[in-house]
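Subject: Handing over the structure, with notes

Hi there,

Here is the structure I promised to pass along. My notes on what turned up in it follow right below, so feel free to read them with the viewer open.

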Amino acid sequence: MQPKVHQGRLNAEGFRFAIVASRWNDFLTSKLVEGALDALERLGAEESAIEIYKVPGSYELPLTALKVAQTGEFDAVIGIGTVIRGETPHFDYVAGEAAKGLASVSMQTGVPVLFGVVTTDTLEQAINRAGVKAGNKGFEVAMSAVEIVNLYKEMGSGEKQTKGKEKVFPHVV
Ligand code: INI
């Protein structure tokens, strides 16, 4: 069997991206933002097609992402933050609300909202995920954003899907 496979290309040209980034643990979070910008640039996004919104902590990411998504100006919103279990008794609340809230913004608005919040048990694990040694979660999440906007664009422009009914992903058409 060879079923038809749908997957997004890695081409950021023509798309607009918002990064909503927490300032908490900024020495790591700023590395994640740099990683995301690096990926978007390498995949062809224009500098003018990217805007960054900074918020105090990861708890503030969801509502900010909602307001950003509601502007209708962006094809995807990338939430970025760092929450370290060892650093706070609030870990579960902050990390949990950020994850639930960002997912809920996606579902409410139809705009893809990517989860680029590093949640770790230790500072060392967080350092490892911020590309200080290798691998940068910000880079990865931006790649995912580009892939998903391309997938939704393809789905939104499919003839069968649009015939006689409203488009499912109006924000990317
Ligand atoms: N916010 C983070 O993004 N990471 C953390 O590790 C963190 N800690 O440790 O508490 C954190 N707290 C702040 C929180 O996100 C809110 O900004 C604050 O509670 C005000 O609403």
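One cut-off before anything else: a residue counts as buried when its relative accessible area is under 20%, as exposed when that figure is over 50%, and as partly exposed in between. G116 has a relative accessible area of 1%, so it is buried. Please keep in mind throughout that this is a predicted model.

**The fold**

The chain has 173 residues, and 43% of them are buried. Its secondary structure amounts to six helices and four strands. Reading from the N terminus, the order of the elements is β-α-β-α-β-α-β-α-α-α.

**The ligand site**

I expect you will want to look at the ligand early on. Where does the ligand sit? It occupies the largest pocket. Around the ligand you will find S22, W24, N25, G57, S58, Y59, E60, T82, V83, I84, T88 and V94. Sorted by class, this shell holds five nonpolar residues, six polar ones and one charged one. Strand β3, which spans residues 76–84, supplies the largest share of the shell, with three residues.

Three polar contacts to oxygen atoms of the ligand may be handy when you set things up:

- E60 places a polar side-chain atom 2.5 Å from an oxygen atom of the ligand.
- S22 has an N or O atom of its side chain 3.4 Å from a ligand oxygen.
- G57 takes part through its backbone, with an N or O atom 3.4 Å from an oxygen atom of the ligand.

How much of the ligand does the protein bury? On its own the ligand exposes 460 Å², and the protein buries 77% of that.

**An asparagine in the shell with an unusual phi**

N25, one of the residues around the ligand, deserves a second look. Most residues other than glycine have a negative phi. N25 is not a glycine, yet its phi is positive, at about 55 degrees. You will find N25 in the loop that joins β1 (17–22) to α1 (26–42). Is N25 buried or exposed? Its relative accessible area is 14%, so N25 is buried.

**Another buried asparagine**

N136 is in a loop too, this one between α4 (123–129) and α5 (137–156). Because its relative accessibility is 15%, N136 counts as buried. Which backbone atoms does the side chain of N136 reach? A polar atom of that side chain lies 3.0 Å from the backbone oxygen of K31, and the N136 side chain also reaches the backbone oxygen of A130, at 3.2 Å.

**Along helix α3**

Helix α3 covers residues 91–109, and A99 is in it. With a relative accessibility of 32%, A99 falls in the partly exposed class. Its C-alpha atom is 9.3 Å from that of Y59, although the two are 40 residues apart along the chain. Y59 is also among the residues that surround the ligand.

G101 belongs to α3 as well. Its relative accessible area is 16%, so G101 is buried. What separates G101 from L63? In sequence the gap is 38 residues, and in space it is 7.6 Å, C-alpha to C-alpha.

S106 is another residue of α3. S106 has a relative accessible area of 18% and is therefore buried. The S106 side chain reaches the backbone oxygen of V111 at 3.3 Å.

**Back to G116, and a pair at the start of the chain**

G116, the residue from the top of this note, is located in strand β4 (residues 113–120). Its C-alpha atom lies 6.6 Å from the C-alpha atom of G81, with their positions 35 residues apart in the chain.

Finally, R16 is found in the segment before β1. Its relative accessible area of 26% is why R16 is classed as partly exposed. R16 and E47 are 31 residues apart along the chain, and their C-alpha atoms are separated by 9.6 Å.

That is the handover. Happy to go through any of it with you.

Best wishes

Methods:
Residues are numbered from 1 along each chain as its sequence is written. This is a predicted model: local features need pLDDT of at least 70, side-chain atom pairs count only at pLDDT 80 or more; totals for chains, interfaces and linings use all residues. Side-chain values use heavy atoms; hydrogens and water are left out. A residue is near a molecule or strand if one of its heavy atoms lies within 4 Å of it. A polar contact is a pair of N or O atoms within 3.5 Å; within protein, one must be able to donate a hydrogen and the other to accept it, and residues adjacent in sequence count only if both atoms are side-chain atoms. Accessible areas come from the Shrake-Rupley method with a 1.4 Å probe; for residues, only the protein chains shown count as cover. On a 1 Å grid over the protein atoms alone, a cavity is a set of points where a 1.4 Å probe fits but cannot get out, and a pocket is an open set with protein on both sides within 12 Å along at least five of seven lines; lining residues have an atom within 4 Å of a point. A molecule sits in a cavity or pocket if more than half of its atoms lie within 2 Å of its grid points. Helices (H or I, at least four residues) and strands (E, at least two) are DSSP runs, numbered from the N terminus. Ala, Val, Leu, Ile, Met, Phe, Trp, Tyr, Cys and Pro count as nonpolar, Asp, Glu, Lys and Arg as charged, and the others, Gly among them, as polar. Buried means under 20% relative accessible area, exposed over 50%, partly exposed in between (1.4 Å probe, protein chains only).
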